Amino acid sequence: MKNEIVNLLIKENKIPVESVDEIATIDIGEFVSTIKELGTVKTDYISREKLMKDLNSDLFEDNVYVYKEVLSTNTLAKFFAEQGEVKNSIVISEKQTKGRGRLGKTWESPLGGIWLSLIIKPDDIEQSKASLITLATGVAVANTIRSFNIDDVEIKWPNDILIGGKKISGILTEATATLNTIKYIVIGVGIDVNFETENVSDDVQELSISLKEASGKKIEEVVVIKKFLEEFEKIFKEFENKNYESVLKQWRQQSYSIGKYAHITEPFDTSFDGYIIGINKEGALIVETADGSLQKVISGECKIKK
Ligand code: BTN
């Protein structure tokens, strides 16, 4: 991880190291501070200064890092968390060169999107409730998008945000736990805001939609990030107060998946078809198969057939 980050930084003349050998001798603490400092330096497209101005946040205060380009904000956020980042933090990048999606997929991340990761250090979260954080983040993204006067916003299980059936946002949550305690959670959020469609592959062009396309105008990324952080804090408070039913209710109200017939693929390739009945209190999908039995799906892919 350290070497991957270093290589990218050398390539871009961002840190003054003469040779690869020298890198190995850099003290890790010093290295982390250098990278963090870089995240506070002015970038061209997403202004940290504007973002911090009037940022009314109990959760994140000033630990907000904005980069011009990183491999993946989730990867960097995990690195910070592993290296002892003590507070809740945000890692944002204007572009990602190795953006990661769910289920090992790549995530195209050109300029014009929001690519960010939240590092959350919860005091007391039961492991069984961790997946609800992803659902809660989905609700926060959906509410954010709706606030720009877009009506047709839905959430496809577990965490795709759709406008008129096309994907505008995806969420990748990665948690690290010791025994039964969660050490930290990294929540990666990608939102297609203003990017030019010619900068993404045909597949992404076909299946996704940007906020600019949906609203008919360019909306500044910083404005969207601020609104998202506001929405996230609101729902995260519900979560911290263990008001899980409220999180689930808000998710269910915006669900694209419930009531549809789908093809489900679980990790290790078990797959089956069935009607999606709902989600349970842990956020797992409940699917009724042809023989009338109910299957609980904790993670996997869900392709809607009709
Ligand atoms: C999905 O497959 O739908 C999840 C996509 C998550 C993408 C975001 S962009 C910011 C963060 N960094 C990553 O590498 N991935 C997540």
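**Questions about a ligand and its surroundings**

Me: Which elements each supply at least two residues of the shell around the ligand?
Reply: In this predicted model, they are α5 (73–82), β3 (113–120), β6 (166–178) and β7 (181–192). β6 gives the most, with four residues.

Me: What makes a residue count as near the ligand?
Reply: One of its heavy atoms must lie within 4 Å of the ligand. The shell has 20 residues. Ser72, Gln96, Arg100, Arg102 and Lys167 come nearest.

Me: How do the residues of the shell divide into nonpolar, polar and charged?
Reply: Six are nonpolar, ten are polar and four are charged.

Me: Why is the pair between Ser72 and the ligand called a polar contact?
Reply: The cut-off is 3.5 Å between N or O atoms. A polar side-chain atom of Ser72 lies 2.8 Å from an oxygen atom of the ligand. That distance is within 3.5 Å, so the pair counts.

Me: What makes Thr73 and Arg102 qualify too?
Reply: Thr73 has a side-chain N or O atom 3.1 Å from a nitrogen atom of the ligand. For Arg102, a polar backbone atom is 2.7 Å from an oxygen atom of the ligand. Both values are within 3.5 Å, so both pairs are polar contacts. The protein covers 97% of the 420 Å² of accessible area that the ligand has on its own.

Me: Where does the ligand sit?
Reply: The ligand sits in the largest pocket. To say so, more than half of its atoms must lie within 2 Å of the pocket's grid points.

Me: How do you know that the span of α9 is close to the expected one?
Reply: Helix α9 covers residues 221–240, 20 in number. From first C-alpha to last, α9 reaches 28 Å. At 1.5 Å a residue, 28 Å is expected, and α9 is close to that. Lys242 follows α9 and has a positive phi, near 60°.

Me: Why is the bond between Trp157 and Pro158 called cis?
Reply: Its omega is about 0°. Pro158 is in the loop between β4 (153–156) and β5 (160–163). Most peptide bonds are trans.

Terms used: Residues are numbered from 1 along each chain as its sequence is written. This is a predicted model: local features need pLDDT of at least 70, side-chain atom pairs count only at pLDDT 80 or more; totals for chains, interfaces and linings use all residues. Side-chain values use heavy atoms; hydrogens and water are left out. A polar contact is a pair of N or O atoms within 3.5 Å; within protein, one must be able to donate a hydrogen and the other to accept it, and residues adjacent in sequence count only if both atoms are side-chain atoms. Accessible areas come from the Shrake-Rupley method with a 1.4 Å probe; for residues, only the protein chains shown count as cover. On a 1 Å grid over the protein atoms alone, a cavity is a set of points where a 1.4 Å probe fits but cannot get out, and a pocket is an open set with protein on both sides within 12 Å along at least five of seven lines; lining residues have an atom within 4 Å of a point. Ala, Val, Leu, Ile, Met, Phe, Trp, Tyr, Cys and Pro count as nonpolar, Asp, Glu, Lys and Arg as charged, and the others, Gly among them, as polar. The expected span of a helix is 1.5 Å times one less than its number of residues.
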